[in-house]
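Me: I am in my first year and would like to read this model step by step. Could you take my questions one at a time and show the reasoning behind each answer?

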Amino acid sequence: MDIARAERPTAGDGDAGSSAPRSVAASSATVAAWTMVSRVTGLARVVVIGAVLGPTFLANTFLATNTVPNLTFAAVAGPVLGLVLVPSLVDALLKRGAVAGRLHMRRMSALLVAAATGVAALLMLAAPALAWVLTLGVPAGQRERAWQVALVLLLLMGPQVVLYTVAALGAAAQQARHRYALAAGASAVENVGLMLTMAVVAVAYGPSDDLGQVSTGLVLVLGLGATLSVALHAAVQAVGAARVGLPIRPARGWRADPEIRRLAGRLRGSVLVTLLPAVGYFALLAVVATVPGGVVVLTMAHTVYTVSTAVGARAVTTAVLPGMSAAVSAGDRARYAASWRQALTYAVTAALPILCLLVLFAGPVASTLAVGELRDDALIASLTVCIAILGVSQLVAGVHEVGREARFVDLDVRGPQVAGWAALAVTVGGGVLTLLLPAGLPRLAAVCVVVLLADLVAAAVLVRLVHRAIRPEPVADGRRLAVTALAAAAMLPLLVAGRLFTAGEGHPVRDVAVLAPFGLLALAAFAATLSSLTGRRRAAA
């Protein structure tokens, strides 16, 4: 029997006042499609930043400081915010109705916006120390000016923490109502805004190789443009929440509301889970900032990696989350286990073909991304290796993602904390060791290997915990995973043929023209093989 039919959430999983949700497969496809729009524009914005600023310490400083507010938001809530808010909203809507659900949403907003404001203030107070860490790799003659630039950028970008919180609240409200498109795709607006900012920089200021000569006007344009772009993203998500009847306008009374206090307790307990990966990634940013353009290379490769995870594991878990939450609320362990297996299977099914594409096409992808000031053989070589390594890591990261979310839905915070500590130990220890390697390709490749190892450790811990929680239910659908592996194997001849056609020196446009048909044919072969083998299994059942 097909998993998509056998383990589909029932109409009872819906929320009060909404239509019954579609199947997990259909919802996952919606999330994946709109997330792809968001992530592709996110990759485009990194490419545009690199093309305008080049493989320079200025590019390192801007990208690193622009990442800090997002990392700060991720550290105090981030992905876990939705995992806590969505089940809470679903429960309120199911048990107390739409009016109570709206009040619950508004009180949560008051709590979280107030908390985010305090965190943003702390970030701005810590800006001098953060700027010092991020500019340690800048040559001595430019370091003082680099510190000043980083400090001003961090102060201008500090309010983004509050704006990201507003955006996350809006997305959670839409997901609780089984509305996924705008929630998944709204960040594309932010990406377009930042690309427009870089267009202004290119026209008004041009490239600058020397941080010591960077003008104050350029710094202000970069900082204000980045923050206004996030504000636009937050506004779009707030409108989306209002459209589904769950406005995020803060309301009084959250301190006296026992449900909100319980929610606040869960968020406090989950801080470590979100803080640890953020600290780890910040440590890696500090390491790659010792290489001119190193932050550009890591950010590009990591964006490709997060695109893959977002359209795979994150899209699946976003769609599975309401139904899994309802199963936990009803005490139905068998249904919870079925939702976990479904999420794991779909996540691997989405990630495996992407792994094949990224590993075999890493060189042409890197060459295509390295435009403008990034057309440098050494940078392209580094980016190629990093994309290939993180192409493998994105599959493991998908398993980590679904495992973490499954444990959160089951009200287990300690398990994800253990996985986070293990991953942080690997990240920090491995990151320090990479500094012993020569700057350039060896160090950047080693950093990506560290990311892969950290994902492996965290995923292993979480799968073990899920297995323990659902016994005697099986932890995975072995037959369906084997079918996925066979379907991925059907891709390889076409991918190898495409790579052979682009061997040697080539032009990025020509490579894309050649590889795109081979890539599409390979994906078609994957889909056809998967459909055929799944159909045989269904017939046999």
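Reply: Gladly, and please keep in mind that this is a predicted model. Helices here are DSSP runs of H or I with at least four residues, while strands are runs of E with at least two.

Me: How many helices and how many strands does the chain have?
Reply: With those run lengths as the rule for what is counted, both kinds of element can be tallied along the chain. The chain has zero strands, and its helices number 20.

Me: Which helix gives the most residues to the largest nonpolar core?
Reply: The largest nonpolar core holds 77 residues, and Leu-53 and Phe-62 have the most contacts inside it. The helix that gives the most to this core supplies nine residues and spans residues 377–409, and that is helix α15.

Me: Which residues does Phe-62 touch, leaving out those up to four places away in sequence?
Reply: Phe-62 is one of the two residues with the most contacts inside the largest core. With residues up to four places away in sequence not counted, Phe-62 touches Ile-49, Leu-53, Leu-153, Met-157, Leu-194, Met-198 and Leu-222.

Me: Is Thr-303 buried or exposed?
Reply: Thr-303 lies in helix α12, which covers residues 294–330, and its side chain reaches the backbone oxygen of Thr-299 at 2.5 Å. Thr-303 also touches Arg-39, Gly-42, Leu-43 and Val-46, not counting residues up to four places away in sequence. A residue is called buried when its relative accessible area is under 20%; because the value for Thr-303 is 13%, Thr-303 is buried.

Technical notes: Residues numbered from 1 in each chain as written. Predicted model: local features only at pLDDT ≥ 70, side-chain atom pairs only at ≥ 80, totals over all residues. Heavy atoms only, no water. Core = buried A, V, L, I, M, F, W, Y, C linked by side-chain atoms within 4.5 Å. Buried < 20%, exposed > 50% of the residue type's maximum accessible area, 1.4 Å probe, protein only. Contact = heavy atoms within 4.5 Å. Polar contact = N/O pair within 3.5 Å; in protein donor to acceptor, adjacent residues only side chain to side chain.
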